[in-house]
Every structure is written in structure tokens, then in C-alpha cells.
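Thanks for asking me to look this over with you. Here are my notes, point by point, to read alongside the model.

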Amino acid sequence: MVKLSHSSRVFWQGWRNVVSVAILALLLVCQSSIARQSVPQSPDILFGPLFDAVQRAQLFSDQKTFADAVAKRSPKLIVADWQKEKSQQGFDLKKFVLANFTLPATHSAYVPPANQSLRAHIDGLWSELTRSAKKAGKYDSLLPIPKPYVVPGGRFREVYYWDSYFTMLGLAESGHWPLIKDMLDNFAWELDQYGLIPNGNRSYYLSRSQPPFFSLMVSLYAQHQGDQVYVHYLGQLQKEYDYWMAGSAHLAKGKAINRVVRLANGTLLNRYWDARDVPRPESWLADIKTASNVPAKDKPALYRQLRSGAASGWDYSSRWFRDYRHLSTIEVTHIIPVDLNSLLYHLEQVLAKGYQLKGDPQLAAHYRQLAAARAKAINTYLYNKTQGWYCDYDWTTGHVREQLTAAALFPLFLNIATDKQANATAKAVLLQLVHTGGLATTTVETGQQWDAPNGWAPLQWVAVVGLNNYHHPALAKRIAMGFLKNVQATYDSEHKLVEKYVVQGRTLGGGGGGEYPLQDGFGWTNGVTIMLLDKYCPAHKVCQSVHDLPPVAAGD
């Protein structure tokens with residue numbers, strides 16, 4: 001046995017330490033690589049130039065079709081074969097795509113039984129719109145999630161984040177609590193798996209979320225199951241908050257990072273943000289056309305703005321534009337939205353409640369303080385004193401914007417507004433946004449779907465709840481009845497519910513504008529319609545026409 005000197009033992013011990021550290025570092029790199037590989041890649045990354053070529057060729061009427069197609073074999077092999085074959089005489093790109101990809105299945109439109117009531121039709125739709133995706137194909141853009149869920153309908157074959165809250169309201173009214181629990185568990189699972197609730201369960205949606213309604217979903221289920229629900233989902237509620245506030249700890253005054261903005265005085269608020277700066281796979285060519293007149297160096301910034309607009313759920317609206325006439329002037333990341341920050345106020349309140357129930361009064365107090373600070377900031381910066389309504393705030397200029405939109409009602413919906421601010425906002429909404437068929441999204445017509453003359457079901461519900469919160473029941477009822485009449489008339493003539501409705505002008509019914517045709521289904525319309533029917537038309541009686549309601553005074 002060889003006996004080492006003291007200096008030799010020291011040398012070899014040091015060398016073993018170096019090797020151990022190196023091995024540990026290598027293992028961490030490998031683990032990190034495995035973790036990155038476990039997150040599915042967007043199809044525009046997987047197929048690169050082939051994806052671009054297919055979308056530019058407009059082989060399908062909807063660009064989402066190819067984004068949702070599933071490769072039959074390795075993407076690398078498919079792209080290599082395409083590179084070899086594309087220059088050959090007689091090459092047919094569509095034939096190549098059909099040979100190498102399985103296109104998404106289309107679901108035939110649901111036809112209700114003759115003379116079925118609107119309420120009964122919606123009850124029957126829930127099963128028609130329920131899907132399951134425990135497993136997905138190896139190269140599928142669909143993200144598997146563990147439990148069943150309800151899709152909006154039409155081209156929207158996956159679950160969508162903020163849509164689902166309004167769908168869940170209707171499911172609750174129909175007594176489908178197990179399905180609500182399944183959907184809530186799915187969103188909790190996504191927070192655990194990805195650190196966010198993506199826009200929808202598609203790989204190309206992983207770079208962004210949507211309006212954060214998870215805390216409202218938890219509150220909805222807690223009304224049925226009791227307060228222990230807040231504790232059960234507390235870990236995921238915290239992850240949701242951490243996602244929205246990432247980077248805030250060391251953010252300098254007057255700066256923004258990801259989804260957080262710190263104003264010049266240190267106030268923290270939030271904005272919408274997408275982590276990528278390329279065209280959206282599901283609207284690839286539309287984004288390229290929008291950026292066609294923009295210098296090449298500015299295209300990535302514009303693509304990020306378009307993606308951030310999709311994260312807002314309002315894709316698209318003059319609300320985000322510098323020039324109402326041009327989508328290319330979109331500047332979502334410059335804007336601190338009133339609806340987003342109202343929702344995050346609710347999340348902070350729910351975190352406070354969850355920690356209090358868990359027995360952690362310090363953290364409960366911390367989140368109550370954060371909620372109070374955010375409420376104060378909303379009432380200070382996101383309220384236009386000159387105009388007399390809630391608005392978005394441009395943090396790059398330091399000025400509150402002037403445009404009145406239906407988002408102005410979110411501080412009423414979540415009980416943030418003062419009575420004076422709520423009353424002024426209600427008056428402005430009555431005078432400018434309330435029409436025969438319900439609540440308009442904005443006051444301007446641009447051809448974008450989140451502008452006049454369109455009204456959307458979720459915004460009707462926000463308005464009805466918010467106005468009732470602040471003692472404006474007549475105005476709330478006027479909006480509700482106008483929208484119900486609109487939905488009922490469309491159902492009577494076309495036997496379906498749709499994604500959005502025209503609420504002003506001589507011709508009501510299905511809405512228009514935007515990047516794709518009007519979609520049938522429709523998850524959130526179904527949910528809000530049931531809620532309004534049961535609130536204002538008990539026993540499913542024929543609803544009174546909005547014209548027959550007593551006049552609403554200007555102050556109401």
C-alpha cells in the first residue's frame with residue numbers, strides 16, 4: 001500500500017473536488033437541457049422555412065389549420081425531403097403537406113332539435129364542446145392536459161384561458177361542478193408544468209398568457225366547495241402571481257421588464273407581453289402583411305406588439321393603436337391596461353385570503369398591502385379625471401389615455417372604484433357604449449373585432465356585475481336585456497350562438513371584423529347567456545324587450 005505525503009493528499013483531495021464540481025455542473029446542464037426539451041416547440045420552430053412556405057402559399061383558408069396539423073414523422077426528415085423536392089419539376093406543395101401531415105379534424109355544426117329553447121340548447125352544447133387531451137401526438141402542437149375541458153367552438157379546438165372563466169360560470173349554472181373542477185385542475189397543472197397558464201393549450205401559445213382569471217375561477221369553485229379551495233390551490237395562485245411579477249424585484253424606476261412596469265415614483269403595475277418577436281404561427285401571413293411597410297429592423301418589435309395584443313384577449317382593438325386607422329401602430333407594451341391590473345388586484349386579495357386560511361398572517365398582510373397599493377394606483381393613474389372614466393395608462397409618456405372602452409368597467413366589476421368614480425364611469429358608459437343590442441366594446445369603428453359595432457359576452461357580464469356592485473341596477477338590466485334580445489333573435493333565425501354580436505345600428509346579430517370569419521359555438525356566450533337568463537328571466541320566460549324598459553336617467 002502506497003502512503004501519500006500530506007501535500008499529495010491535499011493535491012488529490014483538491015482534484016477530486018474539482019472533478020466533483022465539474023460532474024455536478026455537467027449534470028445540471030444535462031438536466032436543464034432535458035427540461036428545455038420537455039417544453040414542446042412551436043411549429044414555426046420545428047419546421048422553419050417549410051412552415052413559412054406553407055403559410056405564405058395560403059394552402060388553407062385558415063392559417064391556424066397548418067399550425068394545428070400533426071407531422072407523420074420527424075420534422076427534420078420532412079424538412080430535408082422538402083428541401084430536396086421543392087425545386088423539382090412538378091412539385092406540388094399541398095400534395096407534399098397532405099402526404100406528411102394529418103390535418104386537424106373538423107367538427108360538424110351542432111343542430112339543435114326543432115323548437116328547442118335557447119336555455120335547453122345551451123345545456124345540450126356543453127357535451128358537444130367538451131374535449132379531452134390526455135395524450136397528444138409526438139409532433140402535435142396540442143399540449144396534453146390531464147382532464148376534460150370545454151373549448152369555445154369553431155376553429156378554436158383547444159381550451160382558452162380567459163374564455164374559460166365565463167364558460168365555467170355557465171357550467172356552474174347548469175350544475176356541472178365536476179367539469180369545473182377538471183378545468184380548474186388543468187390550469188393548476190399548467191402552472192406547475194410551465195410556470196404560466198398559456199393563452200391556450202398549444203405549443204405556439206406558450207410564450208404568452210391571457211387576462212389572469214385563475215383567481216376568479218378559484219373563487220367560483222370556493223363558493224361551491226368552501227374556503228378550503230383557496231388553500232388547495234394556493235401554490236398555483238402564487239405561481240400565477242410570480243409569473244406576472246417576474247423581474248419586479250430589481251426593476252429600476254421608469255423601466256419595464258416582461259409583464260411589469262415601475263413608474264417614475266416607484267409604483268408597480270403590469271402590462272401584457274409576449275416572450276417572442278416573430279409572426280404568430282396561427283396568423284403567420286396576417287402578421288407578415290401588417291409588417292410589410294415597416295423597416296426590417298422594426299419588424300421584430302411590431303411582431304411582439306401583435307403577440308402582446310393577443311395576450312390581452314382584445315386582438316385587436318383601437319384601444320392599443322397610436323393611430324386608430326392602422327394596426328401597424330399597435331403599442332400594447334407601452335400601455336398599462338385597466339382590466340389587467342384590476343384582475344391582478346383580485347389575485348392579490350385571493351392570495352391574502354389563502355395565506356390567512358393557511359395560518360400565515362404575515363404573508364396575508366403582505367398581499368393585502370399589495371392589493372391596497374394597486375387599488376390606489378388604479379384609482380390614481382388609470383382614471384381620467386378630465387373625461388370622467390377609467391382608462392389605460394401610457395407609461396412611456398406618463399399620461400392617462402382618453403379612449404372610453406368597455407374595459408373601464410373592470411374596477412367596478414372587482415370593487416376597486418370609489419363611488420364617485422364608479423358613478424361617473426357608469427354615466428359615460430350609458431351615454432357612449434350602451435346600444436340596442438347591448439354594450440359596445442369601444443366607440444369607434446375600425447374593422448377590428450374588438451371595436452364598435454361589436455359587443456362581446458364577457459364584457460356584458462363584467463358590466464352587469466360591476467354596475468350592480470355600485471347601485472346602477474337599471475343600467476345593468478338595460479345592457480343585459482339588450483344583449484339577451486340580440487342572442488335570442490340570432491338563435492331564433494340561425495339556431496346557434498356565436499362568438500360576438502353587432503350591438504348597434506339597424507342590423508343586429510353576429511359580429512364581424514378581425515382576421516377570421518365569425519365562429520359558432522360558443523363557450524363564453526353560452527355561459528354568460530345562461531347567467532343573464534337566470535338572473536333576468538326566471539322560469540325561462542320570454543324576456544322583455546329593451547325598448548319596453550323604463551327610461552334610464554342620465555345619472556343612473
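**Notes on the predicted model**

1. Let me begin at the end of a helix: H495, which comes just after helix 19, takes a positive phi of about 60 degrees. Please bear in mind that this is a predicted model.

2. Helix 19 itself covers residues 473–494, 22 in number. From first C-alpha to last it reaches 31 Å, close to the 32 Å expected at 1.5 Å a residue.

3. Which residues of helix 19 are buried? They are L475, A476, I479, A480, M481, G482, F483, L484, N486, V487, T490 and Y491. As you read along them, recall that an α-helix has 3.6 residues a turn, so residues three or four places apart point the same way.

4. On to the pocket. The largest one holds about 560 Å³ of space. It is lined by 30 residues, and H107, S108, A109, G154 and D520 are the closest to its centre. Helix 6 (residues 118–128) gives the most to this lining, with three residues. By type, the lining divides into 12 nonpolar, 10 polar and eight charged residues.

5. Now for confidence. The chain has an average pLDDT of 91, and 90% of its residues score at least 70. The mean is highest in helix 16 (residues 410–413), at 99, and lowest in helix 1 (residues 6–38), at 43. Residues 14–37 have a pLDDT below 50 and make zero contacts beyond near neighbours in sequence. Residues 544–556 also fall below 50, but that stretch has 23 such contacts in the model. Where pLDDT is low, the predicted coordinates should not be read in detail.

Technical notes: Residues numbered from 1 in each chain as written. Predicted model: local features only at pLDDT ≥ 70, side-chain atom pairs only at ≥ 80, totals over all residues. Heavy atoms only, no water. Helix = DSSP H or I, 4+ residues; strand = E, 2+ residues; numbered from the N terminus. Expected span 1.5 Å × (residues − 1). Buried < 20%, exposed > 50% of the residue type's maximum accessible area, 1.4 Å probe, protein only. pLDDT = per-residue confidence, 0-100. Contact = heavy atoms within 4.5 Å. 1 Å grid on protein atoms, 1.4 Å probe; cavity = no way out; pocket = protein on both sides within 12 Å on 5 of 7 lines; lining within 4 Å. Points joined across faces, edges and corners; volume = space filled by probe spheres on them. Nonpolar A, V, L, I, M, F, W, Y, C, P; charged D, E, K, R; others polar.
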